[in-house]
Amino acid sequence: MDLSVVKSVFETLRIPPPSRLILLEAQTLSSVHVPPYPPDMPVLLTGVGSIELALHLKKVFLTIYPKDHVVQWIFGSEKREERIEELDGADFSGDSCLYIPPLREGTSFEAFAEIVAHLRAPDGCPWDMEQTHESLRRHLLEEAYEAISAIDSGDFADMKEEFGDLLLQIVLQSQIASEENQFNMNQVIHGIHSKIVRRHPHVFGDLKLDGVDGVLANWEKLKEAERKNNGPKDKGLLDGVPVALPALSQAQEYQDRAARVGFDWPEIEGVLDKVKEEIEEIKKSETNFELISEIGDLFFVLVNLARWKNVDAESALRGTNMRFKKRFAYVEQGAKKQDRNLSELSLEEMDALWNEAKKQGL
């Protein structure tokens, strides 16, 4: 790369060269899906040599930059401004350059990692400085559940905020580990990067697989090989499922993993028959221990039914819980409108209000 082009470009743009700059040959972005650099830094791409490359760059930029973000083409001693949504690569030559001004401060992962490290530094926040992996456990769990609630609500603004809160917990935990010389954020990222590549040989290698079922079966084979090579010799297929998972999610994950190696009903009729069987066994239960056991078995087989129908059992029950909450709140409001306590309503009156709530789509 001819570095003298940098001076020429900024002379053409008639702006002083920035104190920091990412300089890349445009061709190195020809196969990427997102920009491989922090967007809060200015970028200069050289050698945008084809319409196809320019249109690909447009697609890549739009994953990070707003569509009205203004960039500048440089053609020798000439320049032209365009919004990213307008990029088409017209009137360029092999020596065309593209200058992308930075996004505002605090829009890169690196900037976020820096403020988290600052919170833990001697001149940082006293509360953050005293946190440990253990003290943050509760916050990590809370943020995970709040992110799930945001997903369930369908509120994208809420999702964006809660994903940020969850990301804070991950980066903060990694920062603490780095200070203790255990691991750092780069190692966390490299670990999951390597795992994803290793477990997707049909994407990053030459392996041919048949559809989703083939992918899942091969995924389980790869994980089994990893357990054999890296884990305790007696570690089984289900041992990797977190014991802290909600019971419905845990049951479905157990069943998913078992099914991938062939431990499953051949037809859904077997599952439906099992539901009927478990209901009959509940009826026949004579002791509290038997009743608890049989109800647990019924829950488990209902989760299996959900799995067969490609329904996430945990999400399905959470949705039902939310509908119940909204409808019951409607019943409560109905009692208040009558200037009565809820306990003063008969079951028939409460049921009528409940049906009104259902008709209103609650």
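# Exercises: backbone outliers, cysteines and salt bridges

N310 is exposed, because its relative accessibility is 73%. The model is predicted. Work through the exercises with the structure open.

**Exercise 1.** Find where N310 lies and what its phi is near.

*Solution.*
- Step 1: N310 sits in the loop between helix 12 (288-308) and helix 13 (313-337).
- Step 2: Its phi is near 60 degrees, a positive value in a residue other than glycine.
- Step 3: The cut-off for exposed is over 50%. N310 has 73% relative accessibility, so it counts as exposed.

**Exercise 2.** Treat R14 likewise: place it, read its phi and classify it as buried or exposed.

*Solution.*
- Step 1: R14 belongs to the loop between helix 1 (4-13) and strand 1 (22-25).
- Step 2: Phi of R14 is near 60 degrees, and this positive value falls in a residue other than glycine.
- Step 3: The relative accessible area of R14 is 75%, so R14 is exposed.

**Exercise 3.** State how many disulfides the structure holds, then classify C97 and C125.

*Solution.*
- Step 1: The disulfide count is 0.
- Step 2: Buried means under 20%. C97 has 3% relative accessibility, so it counts as buried.
- Step 3: C125 has 26% relative accessibility, so it counts as partly exposed.

**Exercise 4.** Analyse the salt bridge between R120 and E179.

*Solution.*
- Step 1: The N to O distance is 2.6 Å. The cut-off is 4 Å.
- Step 2: R120 lies in helix 3 (residues 109-120) and E179 in helix 6 (residues 156-179), so the pair ties together parts that are 59 residues apart in sequence.
- Step 3: R120 is buried because its relative accessible area is 13%. E179, at 35% relative accessibility, counts as partly exposed.

**Exercise 5.** Analyse the salt bridge between E142 and R138.

*Solution.*
- Step 1: The closest N and O atoms are 3.2 Å apart.
- Step 2: Both residues lie in helix 5 (residues 137-153). They are 4 residues apart, so about one helical turn separates them.
- Step 3: E142 has 33% relative accessibility, so it counts as partly exposed.

**Exercise 6.** Describe the salt bridge between E85 and R83, then name the network that includes this pair.

*Solution.*
- Step 1: The closest N and O atoms of E85 and R83 are 3.1 Å apart.
- Step 2: R83 is partly exposed, with a relative accessible area of 34%. E85 counts as partly exposed at 32% relative accessibility.
- Step 3: R83, E85 and E86 are joined into one network by salt bridges that share partners.
- Step 4: The count for the structure comes to 13 salt bridges.

Note on methods
Residues are numbered from 1 along each chain as its sequence is written. This is a predicted model: local features need pLDDT of at least 70, side-chain atom pairs count only at pLDDT 80 or more; totals for chains, interfaces and linings use all residues. Side-chain values use heavy atoms; hydrogens and water are left out. A disulfide is a pair of cysteine sulfur atoms within 2.5 Å. Buried means under 20% relative accessible area, exposed over 50%, partly exposed in between (1.4 Å probe, protein chains only). Helices (H or I, at least four residues) and strands (E, at least two) are DSSP runs, numbered from the N terminus. A salt bridge is a side-chain nitrogen of Lys or Arg within 4 Å of a carboxyl oxygen of Asp or Glu.
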